[in-house]
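Let us take a walk through this complex together. Keep the viewer open as you read, and follow along residue by residue.

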Amino acid sequence: MTISISSIKPPGGPPALLAPLASARAGSIAAAGAAVAAAAAAALPRGAPGWRYAGPALGAALLAPLAAYLFIRLRARALDAASAGRLLLHAGLAAVVAAAFMDAGRPPDRYAHLADGETAAVDGVGTVRLESFGAVPDPLGDHRRMWADLSGGGAIVRWNGRAEVNEPLDLGGRLVYIVGAGIAPRLEVAGRRLVLKPDLARGPDRFDLPGIGPASIALASKLDEGIIEIGAAGGAVRLAPGEEAPVGGVPVRYDRAGRWVRLRIVEREAFDAAAVGLAVLCAGAVLWALAGFKKPAP
Amino acid sequence: MNEALRLLLWATVGLLAAGAAAGLAAALLDAARLAPAARGAVVVAAASGAAAIILRTLETGHAPVVGNVENAMTFSWILAAAALIRVRSSSMGDPEAAAAPAGGALRTGFLAACACLLLGWGTLQGTAPAPMTSPYRSPWLGVHVLFYVLAFGALGAAAAEGVRVLSGRGAAGSDARVGRCLAFGFAAEAIGIAGGAIWAHHLWGHYWNWDPVETWSLVSWLIVGAVLHLRRSHGLAGRGLAWGAVLSFAGIAASVWGVSLLEETFHDYEAIR
């Protein structure tokens, strides 16, 4: 189950910026552009953070002259279908560019690197806990599917749900992605309990183990993730869960192979603006192609 | 089944090599009688390539879109198919093979040579099936790959026609054919990029990551766009358009095959396999 957290929107925003378009219908292109630019400038200081307005403002400033030009030419019946298609195509492109700017101004992504059962505080999100990890292995030792059951939230709103590769967990304004996963061996080294999170996707990973110093951890076989190989200055040992052996003269007990995941928490991107822009762009391209390709090239 | 596939792939490489040799010889030695042989070899190569794709699909249970050999199979097949499709000029007549057989053979030879090199390289990488791991399990992968394959074929056909023009064997409708192939390739690559961006959003949380593969795909798309723009707005034609077509094909080849082999990229999906 997912409990959505609604975002709080500051006053102003895109509707206020697009309002001058209505009054620009009968005016000149320059007047329409200037009106939108003035509205954008007025709106920017009102909101925090300002990036929320930068994209729509730019988009509106680019779209307004095009829309006004289109309207004026159509009213004067001086615009053929091919030219209208070309204009729509460029207007759509402008919207996509504006969406890209909106996206560029997004807050940075947050990350959580969690072993199963572990909880971490994530800036701006609250806590995130990895309840359990699941995977469907394939015969070659890779995974057909992998998912993480998560919970978290702040003091008032709590949530829980499942994030899967290619299917992020939607928390309203934010999306949670699995961008890394691996085994998390629980070791007891020189009497200290450790949970390691080696990134074994590209080979052995290195750690400083108490009493041993630099050591490498690797999977003995990709097909059996339970068996690990610990290499140190004094030699290397292979351990299965529950086994114990000295590494460099220090006793190491391997309790169990848990799992870890690396999560990326992303603010929702400017998808709606980009989708509208793409739709306008495609409509313009089709109109241009249908009208323009019938004529011989000049 | 894997051994049968390997043999079939090498047979296809051999047929493509024969088609390339016959096509290039027909054009460069003005031996028109070799042109049908080139075309025949590519027809058989396309059929055996299609059989290999079907065999691989039956073996793995998914479309051949994972790993070097599967991508080499599909991308080389589309080049072979492009060699066989006769794009008509804007007058909707005058197929180029009938008008200038040596030029048509050069086009066939060029595309067969590219397909041969690609499939040979892919087969040398090993034919063991690559796993269909969790990152690949997205419907957008199909859209992304399908339209990239179509774009690759269209831009390959444009480049082949461009090579023909650059060699002085162009036909009356060559410019129109190049323009049409570029326009189709441009649209298909745009859809391929958009499909890939949506897949990236589902997988990583971002439509665009400025990963080397993505950056080069944008570069290659902009190259094609620039050539089309120059043609439409400034009347680019003849050798200039031909060089533009060759550059466009080089761009998409670099983005599909070059960058991921030379640069560290997200596109190996190791972290979530």
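What follows is a short tour of the two chains, from confidence to overall make-up and then to a few local details.

## Confidence

Please bear in mind that this is a predicted model. For the complex, the predictor reports an ipTM of 0.78 together with a pTM of 0.76.

Chain B has a mean pLDDT of 86, with 90% of its residues at 70 or more. One stretch of chain B to treat with care is residues 89–98, where pLDDT stays under 50. The model has 18 contacts for that stretch beyond four places in sequence.

For chain A, the average pLDDT is 74, and 68% of the residues score at least 70. Within chain A, the element with the lowest mean pLDDT is helix H1 (residues 14–23), at 48, while strand E1 (residues 110–115) has the highest, at 90. The pLDDT of chain A is below 50 over residues 1–18, a stretch with 35 contacts in the model beyond near neighbours in sequence. Residues 44–52 of chain A also have a pLDDT below 50, and here the model has twelve contacts beyond near neighbours in sequence.

## The two chains in outline

Here are the overall values for each chain, one property to a row.

| Property | Chain A | Chain B |
|---|---|---|
| Helices and strands | chain A: five helices, 14 strands | chain B: nine helices, zero strands |
| Buried residues | chain A: 41% of 298 residues | chain B: 52% of 273 residues |
| Exposed area | chain A: about 14,900 Å² | chain B: about 10,800 Å² |
| Share of exposed area from carbon and sulfur atoms | chain A: 61% | chain B: 70% |

Read from the N terminus, the elements of chain B run α-α-α-α-α-α-α-α-α. How much of the contact network in chain B, at a separation of 6 or more, comes from residues 24 or more positions apart? In chain B, such pairs account for 81% of those contacts. In chain A, residues 24 or more positions apart account for 54% of the contacts with a separation of 6 or more.

## A helix of chain B

Now zoom in on helix H3 of chain B, which spans residues 68–84. H3(B) has 17 residues and covers 24 Å from its first C-alpha to its last, close to the 24 Å expected at 1.5 Å a residue. This helix is mostly covered, with 14 of its 17 residues buried.

Two residues of the helix make good stopping points. B:Ser76 lies in H3, and its contacts beyond four places in sequence are B:Ala115, B:Leu118 and B:Leu119. Is B:Ser76 buried or exposed? B:Ser76 counts as buried because its relative accessible area is 3%, and the cut-off for buried is under 20%.

B:Asn71 is also found in helix H3 of chain B. With a relative accessible area of 19%, B:Asn71 is buried as well, since buried means under 20%. Setting aside neighbours within four places in sequence, B:Asn71 is in contact with B:Pro64, B:Val65 and B:Trp257. If you look for B:Gly153, you will find it 82 residues away from B:Asn71 in sequence and 13 Å away in space, C-alpha to C-alpha.

## A sheet of chain A

Our last stop is in chain A, where four strands form an open sheet in the order E2-E3-E4-E5, with antiparallel pairing. Its edge strands are E2 (119–122) and E5 (158–164), each of which pairs on one side only. From one strand to the next, the twist averages 30°.

Start at the E2 edge. E2(A) pairs with strand E3 (residues 126–137) in the antiparallel sense over four bridges. Along this pairing, A:Thr119 stands opposite A:Arg129, and A:Val122 stands opposite A:Gly126. The two strands form a hairpin with three residues between them. In the turn, A:Gly124 has a positive phi of about 85°.

Moving across the sheet, E3(A) pairs with strand E4 (residues 143–153) of chain A, again in the antiparallel sense, over ten bridges. Which residue of E4(A) is the bridge partner of A:Leu130? The partner of A:Leu130 is A:Leu150.

Definitions and conventions:
Residues numbered from 1 in each chain as written. Chains lettered and ligands numbered in written order. Predicted model: local features only at pLDDT ≥ 70, side-chain atom pairs only at ≥ 80, totals over all residues. Heavy atoms only, no water. pLDDT = per-residue confidence, 0-100. Contact = heavy atoms within 4.5 Å. Buried < 20%, exposed > 50% of the residue type's maximum accessible area, 1.4 Å probe, protein only. Areas by Shrake-Rupley, 256 points an atom, 1.4 Å probe, with all protein chains shown as cover. Expected span 1.5 Å × (residues − 1). Pairing = 2+ DSSP bridges. Axes fitted to C-alpha atoms, helices over the stretch in contact; angles between N-to-C directions.
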